[in-house]
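Open the model in your viewer and keep the selection tool ready. The stops below go one selection at a time.

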Amino acid sequence: MNVNRPAESFMVLPGMKPVYTEDPNRPGERRLPGFSWLPNRVRYLFISMLGEFVGTALFLTFAFAATQVANTPPNDSVDSPPSASTLLYISLAFGFSLLVNAWIFFRISGGLFNPAVSVALGLVGAIGWVKVFLLILAQVLGAIAAAAVVSGLLPGPLAVRTTLADNVSVTRGVFIEALCTAELIFAIFMLAAEKHRATFLAPIGIGLALFISELAAVFFTGGSLNPARSIGPDIILGKFDGYHWIYWVGPLLGAVIAVLFYRLIKFLEYETANPGVDSDGQDVRFEVRYIQEDDVEGSRQGRSATSDGTTESDFVPHFHPISRPVSQLHKPTLPRYRVNGNKSVNSGAISLSDLPHKPPAAFHHGGDGHYSVDHPNERPRAQHLPGSYSMHSRSHFHPESQYEEASEMSYTSGPSAESAGSDYSSRSSS
């Protein structure tokens with residue numbers, strides 16, 4: 001959105017000018033007037049609790065409202081047992097409500113909305129235990145508020161409680177809840193806790209994880225996966241089943257299972273099993289070191305650069321500044337070199353106006369983010385250049401990499417993408 005950042009005024013009414021202020025005692029920090037006395041740690045915890053309370057209330061309000069719709073038949077007939085369409089509707093409601101609200105609140109409080117998730121993140125050390133207990137309190141209060149809003153806003157008795165199906169035992173209910181919660185929490189670990197290029201898209205995967213878990217569990221246990229989701233409606237209705245504890249033990253057991261598996265793959269260094277899977281094709285593949293020779297002093301000065309496999313100087317006009325030393329960028333001439341044995345000797349100067357200019361390449365290698373290299377040593381193929389200019393350009397800088405180099409003749413004489421030919425035969429015959 002092409003908008004300015006929000007003003008720090010409490011509210012900007014028509015005719016008022018937005019005010020942007022900072023706390024003079026804490027430069028760079030925008031603080032509400034009169035709250036400079038509040039320690040940052042307390043302020044951070046308050047923000048997290050507020051975000052979890054409001055986020056959990058919004059998440060469960062929309063999920064409860066959709067569940068109320070699904071459990072309210074359009075006529076006097078009762079949908080018992082619930083049909084597949086009813087179960088799909090409830091599962092979609094919970095999954096997409098979590099997706100949207102987690103995406104809204106993940107920059108405020110993390111978008112947890114679940115005591116089992118808070119405990120799991122505490123077990124892996126992602127958040128402190130003081131914060132865990134405060135977030136659980138905020139989440140339970142948010143669930144109670146959501147159930148109260150739906151009960152008072154929608155007609156009819158509240159029909160969003162989680163109960164076991166008639167043929168499901170308590171033991172089965174515990175392990176169904178544990179398995180589905182483990183799936184949800186492990187998705188949170190890998191998509192949100194483990195930082196990667198697609199972390200900002202984590203709410204999509206987490207919402208889909210809840211969706212498939214609800215598809216599997218909602219028919220048998222009501223699909224809680226969240227102690228706050230179960231206790232909120234029970235408190236509003238004042239009705240607790242004797243097996244209500246399974247909606248706490250099951251999700252917490254699932255959290256422990258997810259933590260154990262997560263720690264196992266971290267201990268085994270899972271990143272090394274499938275390296276590069278999160279790459280966009282622009283990572284550093286090897287290091288190239290350019291050596292500048294000074295034949296007078298006999299010294300060698302070098303500079304190094306990292307590369308993703310593309311040597312930019314091979315794909316620009318040959319006398320572009322990128323192909324010249326920094327010391328010559330503002331000089332109107334280039335040194336003339338003659339080859340004497342294995343050494344390059346400076347024998348004068350060449351005016352830049354006397355040098356031929358090569359048009360730029362028709363395409364830039366790797367410009368689309370992908371590369372496909374079959375040249376020896378996985379190096380991009382050189383442009384087709386006359387032999388004299390190729391030898392001249394590479395006599396001043398010699399690339400050295402960690403891979404074995406191809407010979408100068410095989411590297412510069414290979415067929416190029418533009419000429420589709422080679423000057424190797426002509427050079428060898430001469």
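**Stop one: Ala258.** Select Ala258, which lies in helix H8. The model is a predicted one. Is Ala258 buried or exposed? Its relative accessibility is 3%, under the 20% cut-off, so Ala258 counts as buried.

Now show what surrounds it. Setting aside neighbours within four places in sequence, Ala258 is in contact with Ala182, Ile185, Phe186 and Phe189. Add Ala178 and draw a C-alpha to C-alpha distance from Ala258: 9.6 Å in space. Along the sequence, Ala258 and Ala178 are 80 residues apart.

**Stop two: the largest nonpolar core.** Keep Ile185 and Phe189 selected. Add Phe64, Phe94 and Leu98. Of the 50 residues in the largest nonpolar core, these five touch the most other members. Which elements give two or more residues to this core? Colour helices H1 (40-70), H2 (84-105), H3 (115-123), H4 (129-153), H5 (170-193), H6 (202-221), H7 (227-237) and H8 (246-267). H4 gives the most, with 9 residues.

A second, separate core has 7 residues, among them Ala165, Val168, Val174 and Tyr243.

**Stop three: Phe64.** Centre on Phe64 and list what it touches, not counting residues up to four places away in sequence. The partners are Phe94, Ala143, Ala146, Ala147, Val150, Val160, Arg229 and Pro233.

**Stop four: the aromatic rings.** From Phe64, step to its partner Phe94. The structure holds 7 aromatic pairs. Select Phe59 and Phe94 for one of them: the ring centres are 6.3 Å apart and the planes sit at 80°, so this pair is edge-to-face. The cut-off for that label is over 60 degrees. Phe59 lies in helix H1 and Phe94 in helix H2, so the pair ties together parts that are 35 residues apart in sequence. Both residues are buried. Then add Phe105 and Phe113; with Phe59 and Phe94 they form one aromatic cluster.

**Stop five: the annotated segments.** Which residues does UniProt list for "transmembrane region"? The unreviewed entry gives 44-66, 112-130, 135-154, 174-193, 200-225 and 245-265. Select two of these ranges in turn.

| Range | Helix | Strand | End C-alpha atoms apart |
|---|---|---|---|
| 112-130 | 58% | 0% | 15 Å |
| 135-154 | 95% | 0% | 28 Å |

To finish, return to Ala258 in helix H8 and display its contacts Ile185 and Phe189 together with the core they belong to.

Methods: Residues are numbered from 1 along each chain as its sequence is written. This is a predicted model: local features need pLDDT of at least 70, side-chain atom pairs count only at pLDDT 80 or more; totals for chains, interfaces and linings use all residues. Side-chain values use heavy atoms; hydrogens and water are left out. UniProt positions are given in the numbering used here, feature names are shortened, and annotations may be inferred rather than shown by experiment. Helices (H or I, at least four residues) and strands (E, at least two) are DSSP runs, numbered from the N terminus. A nonpolar core is a set of buried Ala, Val, Leu, Ile, Met, Phe, Trp, Tyr and Cys residues joined through side-chain atoms within 4.5 Å. Buried means under 20% relative accessible area, exposed over 50%, partly exposed in between (1.4 Å probe, protein chains only). Contact means heavy atoms within 4.5 Å. Rings of Phe, Tyr and Trp (its six-membered ring) pair if their centres lie within 6.5 Å; planes under 30 degrees apart count as stacked, over 60 as edge-to-face and the rest as tilted.
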